[in-house]
There are 2 protein chains.
Amino acid sequence: MTTTKKDEYATQEQSVADFAKTMSHPARVAILKVLAQKNTCICGEIVEVLPLAQATVSQHLKELKNSGLITGELEGTTSCYCINWKNLQKELDKFNKFADGLIAKGQKNGCC
Amino acid sequence: MTTTKKDEYATQEQSVADFAKTMSHPARVAILKVLAQKNTCICGEIVEVLPLAQATVSQHLKELKNSGLITGELEGTTSCYCINWKNLQKELDKFNKFADGLIAKGQKNGCC
DNA sequence: TACGATTATCGTATTTTTGCGATGAATAAA
DNA sequence: TTTATTCATCGCAAAAATACGATAATCGTA
């Protein structure tokens, strides 16, 4: 990637791609699943479930946090990570809006 | 990534991540958009729309093809790329099924 | 047949991602 | 206060993704 031209894409395309990128690793997908099903959000358990070292899990958590899909804060020695449902829903809506747009256009133009 | 342990994730998580990965680049997202709105599928036009060299666009098209989201075949000197609507819908369904599962679990367990 | 146009592929450079051990910071417990 | 636990961050290594020029292959056309 000699020159990255991210600004030359429409914001919708960029936004969809960004969301997809955070969902593009099975570990991060798995983390979301674990956070959704545990009613307690203690994160040490995540490390036990995933086939990854603690440092690596921490990195994935950081990415999920940066993307806004989860929140996280230290509580004593343990950390509490939670899904940010509002943001998750927002990203899902944008994603599906894009997908619906594709399908609508495809039906209008009888392409292939 | 000294050791990749992709097989240690559930198939759903892996599947979601794979789909997300092909959607994780704005160029590929843009290509899908173009293919959906053009009723002709001639691909040379894609190169003109995107801020990328022809070789790079060809690579992205190949990835989209490998993921099953589009089909492509040479017709004379030009190539005809089309969205594989059936597969696209299938991937979208899997993705949304995962997302719905998350939300359902989240509502059941009053996490955070 | 020679030429131009279109696309795929190859080789390569650069960047980004992924992963982990080691370390440090903060708290809880002995 | 010392010790153990939990987690984040740093530094580095390896792999994957991205991008492009050059080239080859294919077809239509002059």
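Let's start with a pair of residues in chain B: B:Leu74 has B:Ser79, in strand 2 of chain B, as its bridge partner. This comes from a predicted model, so it helps to see what surrounds that pair and how far the prediction can be trusted.

**The hairpin in chain B**

B:Leu74 is not alone here. Strand 1 of chain B (residues 70-75) and strand 2 of chain B (residues 78-83) run antiparallel, and six bridges join them. Two of the pairings are set out below.

| Residue | Bridge partner in strand 2 of chain B |
|---|---|
| B:Thr71 | B:Cys82 |
| B:Leu74 | B:Ser79 |

What lies between the two strands? The hairpin has two residues there, and B:Gly76 takes a positive phi near 70 degrees.

**Two copies, one axis**

How does chain B relate to chain A? A turn of 180 degrees, with a shift of 0.0 Å along the axis, lays chain B on chain A with an RMSD of 0.0 Å. That is the relation of a two-fold axis. Which C-alpha of chain B is nearest the axis? It belongs to B:Ala20, and it sits 2.3 Å from the axis. Both copies use the same surface, too: 100% of the contact residues of chain B recur in chain A.

**How confident is the prediction?**

For chain A, pLDDT averages 90, and 89% of the residues score at least 70. The start of the chain is another story: over residues 1-6 of chain A, pLDDT stays under 50. For that stretch the model has three contacts beyond four places in sequence. Where pLDDT is low, the predicted coordinates should not be read in detail.

Key:
Residues numbered from 1 in each chain as written. Chains lettered and ligands numbered in written order. Predicted model: local features only at pLDDT ≥ 70, side-chain atom pairs only at ≥ 80, totals over all residues. pLDDT = per-residue confidence, 0-100. Contact = placed C-beta atoms within 7 Å. Pairing = 2+ DSSP bridges. Helix = DSSP H or I, 4+ residues; strand = E, 2+ residues; numbered from the N terminus. Least-squares fit on C-alpha atoms with pLDDT ≥ 70 in both.
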